[in-house]
2 protein chains.
Amino acid sequence: MAQAKWIWYFGDFEIYHHMLLSCRRQEFGCDYPCCWHVSRPELNVRFYKTFIAEKEFELTVTSHSKGMVRLAGKLRPVNQPILCPPGEHTVSVELYDIEKFPACFIDSECLVTDESWAAEAFDRSPAPVGCEPVFSSPADDPAVFPFSYREIAPVSVEEARDGILYDFGKETFAALEFPDLRAVPLFISYGESREEALDAERAILWERIDSAGKHICPPRAFRYLWLHGENVARIRFRAYYEYLEIEDRAAFSCDRPKIADIWDVCAYTFHLNTREFFLDGIKRDRWVWSGDAYQSFMIARYLYNDPSVTERTIVALFGKPPYRTHINTINDYSAYLILSVWDHYFATGNRTFLEAVYPKVQTLFAFIAGRLDERGYVVKRTEDWIFIDWGELDKDGPHCAEQILLWQVYNTMAKIAQTMGAPHEEVKRFLLAAATLKFRILDDFWDAEKGAFIDSFVSGKRFVSRQTNVFAILYDFVDGETKQSVIDHGLLDPALPAITTPYFKLYELLALCKIGKLTDAQSYVESYWGGMLNAGATSVWEAFDPARSGAEHYAMYGSPYGKSLCHAWGSGPILLLCRYCAGVAPASVGTKTFDVRPNPGLYRRFSATVPIRDGFVEVTYEAPELKVRSTVSGGTLYLNGRHVPLPVNETVRAVIR
Amino acid sequence: MAQAKWIWYFGDFEIYHHMLLSCRRQEFGCDYPCCWHVSRPELNVRFYKTFIAEKEFELTVTSHSKGMVRLAGKLRPVNQPILCPPGEHTVSVELYDIEKFPACFIDSECLVTDESWAAEAFDRSPAPVGCEPVFSSPADDPAVFPFSYREIAPVSVEEARDGILYDFGKETFAALEFPDLRAVPLFISYGESREEALDAERAILWERIDSAGKHICPPRAFRYLWLHGENVARIRFRAYYEYLEIEDRAAFSCDRPKIADIWDVCAYTFHLNTREFFLDGIKRDRWVWSGDAYQSFMIARYLYNDPSVTERTIVALFGKPPYRTHINTINDYSAYLILSVWDHYFATGNRTFLEAVYPKVQTLFAFIAGRLDERGYVVKRTEDWIFIDWGELDKDGPHCAEQILLWQVYNTMAKIAQTMGAPHEEVKRFLLAAATLKFRILDDFWDAEKGAFIDSFVSGKRFVSRQTNVFAILYDFVDGETKQSVIDHGLLDPALPAITTPYFKLYELLALCKIGKLTDAQSYVESYWGGMLNAGATSVWEAFDPARSGAEHYAMYGSPYGKSLCHAWGSGPILLLCRYCAGVAPASVGTKTFDVRPNPGLYRRFSATVPIRDGFVEVTYEAPELKVRSTVSGGTLYLNGRHVPLPVNETVRAVIR
């Protein structure tokens with residue numbers, strides 16, 4: 001028999017834990033509900049499978065849900081042994097779960113629960129089941145997320161104001177346990193910075209404990225804790241770091257020592273934000289945003305090469321249709337989610353997953369398509385949020401960046417539809433839509449005089465933003481002379497307003513690398529991320545302005561400590577270095593083939609390990625010699641204008657000219 | 001200030017309690033999940049209102065949910081006093097509730113929660129709030145359904161087999177409380193009949209209590225209880241009848257004494273099934289079925305004249321779109337739900353309610369319309385259930401009864417759309433669809449030779465069922481000669497197979513009354529319901545076959561006690577007598593006008609009180625004199641081929657000729 005696993009209605013595990021996650025934000029002593037519609041898991045689900053029992057055998061359907069088992073013409077309760085006669089049977093486990101989500105587990109001689117089962121939410125539509133390898137014993141409970149915990153201790157303790165300040169040495173995410181509180185109330189102020197912890201009234205996170213005895217605070221983000229109360233010096237507590245066990249499979253070092261620090265801080269930041277799903281930040285919002293996740297997927301493919309968190313995040317973001325607003329209410333975020341599905345399939349080749357989310361992809365696409373204007377443009381419908389980026393953008397009328405994203409969505413839908421065996425006509429419809437849209441975009445948004453795309457043709461301002469032109473490069477929307485013009489006048493022109501968010505900065509750096517400007521990206525990583533580290537960062541901040549100093553760094557969104565000091569989108573250097581310095585990238589679906597295009601750029605020496613499929617590629621460079629070794633087949637090394645297949649487990653040596 | 005009430009997202013109260021209700025069925029010791037998709041309430045909801053505070057005042061947002069209050073530019077926690085400055089404010093209460101549903105309550109000097117608030121499920125679509133007058137104090141909890149409880153005692157106790165048998169004298173629905181169980185296990189077998197209680201292994205409901213101490217069983221249906229266990233004679237318990245306080249506003253008596261008993265048993269049966277919603281039966285299924293509810297709405301309009309349970313039931317049945325199957329998975333049941341909405345509006349004139357459910361009506365209609373075949377017929381799509389009725393029906397291809405229902409749905413959609421101010425074109429589209437469909441039905445299903453509608457034109461059997469022809473009369477699908485032919489050859493021809501379910505029998509009796517055959521209905525009530533009472537019924541059974549005797553009566557669905565002995569659809573005589581003997585019926589929207597068409601039929605004497613709007617009509621007859629008094633305006637008395645307006649509170653006397 002196969003390995004038995006807990007099963008649930010596909011998506012319910014993610015939707016349940018996403019629901020819990022979305023209900024955990026706190027600010028200024030308030031519980032802060034998620035500001036978009038959040039789905040709940042199914043209430044009642046039927047799991048079924050047809051199987052043959054060669055002989056009589058005993059099975060127990062283990063479940064924390066309520067319900068019954070239909071087997072061999074009888075109704076039987078769950079959690080009790082059932083004797084099954086020999087023969088062919090269709091077993092049906094019918095469950096409901098008001099508090100959590102329906103799930104069950106069978107591990108018997110002739111029948112186990114696993115991916116081979118089907119489910120339906122009593123809606124007469126067969127659906128796949130979901131499972132996670134970690135839930136494989138009857139004692140498990142998929143409603144409890146499998147985090148790990150490790151006790152951590154402060155590196156320093158001092159009296160500060162009229163309380164005690166604990167410094168844990170670096171950003172962390174931990175639950176505090178007070179085994180026996182005597183003097184209450186106790187006030188705890190959490191700080192990502194020292195200033196925040198000590199400025200209790202304006203700190204984002206704090207808790208006041210009013211009842212004596214044992215108390216456990218929910219896990220929260222902090223580096224500093226400030227405790228205030230009677231006899232506060234006598235209060236003992238333990239702190240438990242809560243984290244997801246997930247291994248780093250990528251490594252990078254080079255002759256610039258700062259880069260190793262940056263890599264480490266980026267990786268640590270990324271781990272802190274890799275939990276049930278990819279978060280934006282761990283102090284705030286602690287929500288799942290599709291734009292942030294889109295970048296996290298790219299980073300995770302290199303750092304972890306583990307599809308689990310990406311798949312969970314995609315499923316959580318889709319939630320349960322119908323779509324009443326865009327994903328996270330943002331037009332661009334719906335587009336990213338569809339792009340993410342294809343990127344993930346392209347990297348992993350996981351067809352089962354693609355099939356499982358395909359209905360939601362179609363529904364979300366229909367939602368997007370249903371809100372276009374009469375010209376076929378993405379426009380701001382009531383309560384849409386055309387985000388693109390913070391900063392100077394001309395959002396009057398259809399915005400060019402949204403249209404380029406839509407064009408890429410059409411291309412992606414064509415690829416997904418073709419993969420899913422949709423009729424040729426349907427695939428063609430998507431491609432035709434893309435071609436028509438491209439024609440229209442060039443007509444309306446291309447400014448021949450400026451040699452770049454303008455944001456809006458409605459306002460009359462003919463404003464050129466880097467953001468829009470970055471997308472034109474990133475998604476290969478243009479080529480030839482137009483592309484060169486976009487590069488010259490939409491990307492490299494210093495007169496254009498600078499991108500100020502690390503979020504969009506990553507797109508810009510990717511575009512720069514794509515056009516061969518790796519050294520620009522390398523310099524920027526060293527100055528921007530290096531600057532942040534010099535300013536004391538132990539994890540990557542939501543934003544960094546070198547012109548600010550001291551506690552000024554912590555202000556954002558109108559609040560003195562509003563800025564997240566641990567934000568996933570800041571981990572981009574991992575992606576940049578693996579993708580464009582080591583130069584490793586998938587070249588076909590499932591990464592069956594992949595390219596290695598090493599480029600030292602500014603570095604005279606570097607060493608990179610980049611995971612690929614179930615192995616890795618090692619790229620080491622010591623000027624002028626390059627060594628490349630791949631543990632898996634399918635690689636092609638591109639160097640000095642030539643390309644050679646990479647043998648398995650054999651080091652290829654070359655001199656970079 | 002107005003009366004403060006708890007508010008929630010419109011529908012959540014019903015959807016939450018419907019969810020709980022749908023998870024309460026038990027059979028043979030199993031928890032039996034609902035076999036259709038059941039909606040959950042919203043997770044996160046924003047409640048908001050713009051108001052003017054003439055002065056500074058204090059308010060507290062009371063909530064069992066978590067969340068925060070946005071007021072005057074600040075975030076504030078719920079359940080704590082907030083000082084609000086004078087001026088115009090938009091207050092926003094943002095809540096989430098993982099376990100139950102978001103709801104809140106404010107009762108302050110300048111602001112109270114009530115119907116004037118708006119809500120959105122963070123989907124950027126404003127929705128009405130829901131409230132119930134009973135939840136009007138901060139100590140209330142809308143997640144606890146406001147049932148009443150009364151202790152009841154058995155009328156006899158006897159030793160039976162090796163246990164104790166308690167007889168409560170009549171069908172009831174009660175929770176058992178064992179204050180201090182010492183000897184366990186204790187086995188309790190519930191019986192609607194004595195035979196069921198004593199046949200513990202085959203009884204539908206039983207419980208085995210394994211742990212000593214206090215134990216409370218969930219409320220269940222029974223007349224008899226059989227307790228078995230060690231020292232069972234010493235076990236003490238209390239039984240608490242759980243019920244909804246709702247007043248009977250109709251009364252009827254006549255010279256046939258059996259009718260008073262039948263009325264009482266019908267009313268009692270109906271009360272037992274009138275709970276959060278109108279149930280089918282209280283032992284089994286205890287679910288909300290749209291077909292059963294459609295009849296309950298008609299009965300309730302006369303017995304209670306209280307819209308609350310009807311409105312709750314309609315909202316629960318709609319659930320939350322999208323519709324993945326028909327309501328209760330049954331095609332006809334989707335149709336009834338749309339018809340119910342209009343019937344309810346016609347009777348009550350409650351436009352607020354119509355507006356609140358209108359989006360769901362439209363979505364459900366679109367679901368129905370999306371599944372028609374190329375001829376525009378309702379057909380059995382995968383996993384549809386073309387139910388109509390148990391019994392002999394020819395369901396090969398499109399079934400005529402479903403098409404007549406669809407025709408009535410088109411007519412109803414036209415009326416609803418017109419009332420909601422939809423564009424004239426839309427109203428016309430519905431009417432045109434009805435006309436086209438009628439033409440096609442007459443073409444395909446009318447058998448001129450048989451002079452009646454056949455069930456199917458596909459099978460070649462040209463089978464005539466009463467059911468189909470009953471609908472043709474009930475919904476005024478035909479008139480003139482065709483109607484007379486339907487009556488003669490589709491209704492009154494004794495050679496047609498008899499209707500065997502009390503469910504469809506009610507439609508047939510209504511059709512008979514409609515064509516003036518009240519006496520047939522009266523005779524049937526006396527023989528069928530009277531026969532049931534003679535066979536020992538203390539509440540109306542799901543079905544009754546006079547040819548059976550003893551415990552044979554209790555068998556159904558292949559199980560010896562599978563039949564429900566307390567089924568709402570059996571309360572039809574209340575409707576028949578009020579509607580066609582007293583003859584009271586609304587004549588315009590909101591019952592602004594109403595008709596009184598008394599018809600003694602078989603009775604030489606009767607006295608009826610029928611509620612109408614906020615008053616009632618009294619109709620008393622003592623052959624040959626009739627007296628009619630209405631406490632409200634708008635009535636018209638039809639008698640002896642003439643009609644006269646009914647004065648308010650004045651008795652009109654006439655002699656029936």
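**Exercise 1. How far apart do the C-alpha centres of domain 1 of chain A and domain 3 of chain A lie?**

Solution. Start with what kind of model this is: the structure is predicted. Next, find the domain bounds. Chain A is divided into domain 1 (7-130), domain 2 (148-243), domain 3 (331-386 + 391-499) and domain 4 (583-655). Notice that domain 3 is written as two segments, 331-386 and 391-499. With the bounds in hand, the C-alpha centres of domains 1 and 3 of chain A come out 39 Å apart.

**Exercise 2. Find the confidence scores that go with chain A and with the complex.**

Solution. Take the chain first: the mean pLDDT of chain A is 97, and 100% of its residues score at least 70. Then turn to the assembly, for which the predictor gives an ipTM of 0.95 and a pTM of 0.96.

**Exercise 3. Describe the side of chain A that touches chain B.**

Solution. Begin with the counts: 40 residues of chain A are in contact with 40 residues of chain B. Now ask which elements take part. Helix H1 (12-22) of chain A supplies at least two residues of this side, and so does each of the strands S3 (30-31), S6 (66-71), S7 (74-77) and S9 (87-96) of chain A. Last, sort the residues of that side by class: 22 are nonpolar, seven are polar and 11 are charged.

**Exercise 4. Is strand S13 of chain A largely in the open or covered? Find its partner as well.**

Solution. Go through S13(A), residues 148-152, and apply the burial criterion, 20 or more other C-beta atoms within 10 Å. Of the five residues in S13(A), the number that pass is zero, so the strand lies largely in the open. For the partner, look to strand S20 (residues 238-243) of chain A, which pairs with S13(A) in the antiparallel sense over five bridges. One bridge to locate on screen joins Arg150(A) to Tyr241(A) in S20(A).

**Exercise 5. Carry out the burial test on helix H14 of chain A, then look just past its end.**

Solution. H14(A) spans residues 572-581, and 10 of its 10 residues are buried, which leaves the helix mostly covered. Among the buried residues are Ile574(A), Leu575(A), Leu576(A) and Leu577(A), along with Arg579(A). Just after the helix, check the backbone at Gly583(A): its phi is positive, about 80 degrees.

**Exercise 6. Trace the sheet on which H14(A) packs. Why is one side of S21 and of S31 of chain A left without a neighbour in the sheet?**

Solution. Step one is the strand order: S21-S26-S27-S28-S31 of chain A form an open sheet of five strands with antiparallel pairing. Step two answers the question: S21 (251-254) and S31 (652-655) of chain A stand at the edges and have a single partner strand each, so one side of each has no neighbour in the sheet. Step three is the twist, which averages 15 degrees from one strand to the next. Step four takes one pair inside the sheet: S27 (residues 615-622) and S28 (residues 625-630) of chain A pair over six antiparallel bridges, and Glu622(A) has Glu625(A) in S28(A) as its bridge partner. Finally, place the helix: H14(A) touches S21 and S26 (605-612) of chain A, and its direction makes about 95 degrees with that of S26(A).

**Exercise 7. Repeat the tracing in chain B.**

Solution. The order in chain B reads S21-S26-S27-S28-S31, again an open antiparallel sheet of five strands. S21(B) pairs with S26 (residues 605-612) of chain B over four antiparallel bridges, and Phe252(B) stands opposite Ala608(B) in S26(B). Helix H14 (residues 572-581) of chain B packs on this sheet, touching S21 and S26 of chain B.

Key. Residues are numbered from 1 along each chain as its sequence is written. Chains are lettered from A and ligands numbered from 1 in the order in which they are written. This is a predicted model: local features need pLDDT of at least 70, side-chain atom pairs count only at pLDDT 80 or more; totals for chains, interfaces and linings use all residues. A residue is buried if 20 or more other C-beta atoms lie within 10 Å of its own, exposed if 12 or fewer, and partly exposed in between; C-beta atoms are placed from the backbone. Two strands pair if DSSP finds at least two bridges between them. Domain bounds come from an automatic or database domain assignment. Two residues are in contact if their C-beta atoms, placed from the backbone, lie within 7 Å. Ala, Val, Leu, Ile, Met, Phe, Trp, Tyr, Cys and Pro count as nonpolar, Asp, Glu, Lys and Arg as charged, and the others, Gly among them, as polar. pLDDT is the predictor's confidence in each residue, from 0 to 100. Axes are lines fitted to C-alpha atoms, for helices over the stretch in contact, and angles run from 0 to 180 degrees between N-to-C directions.
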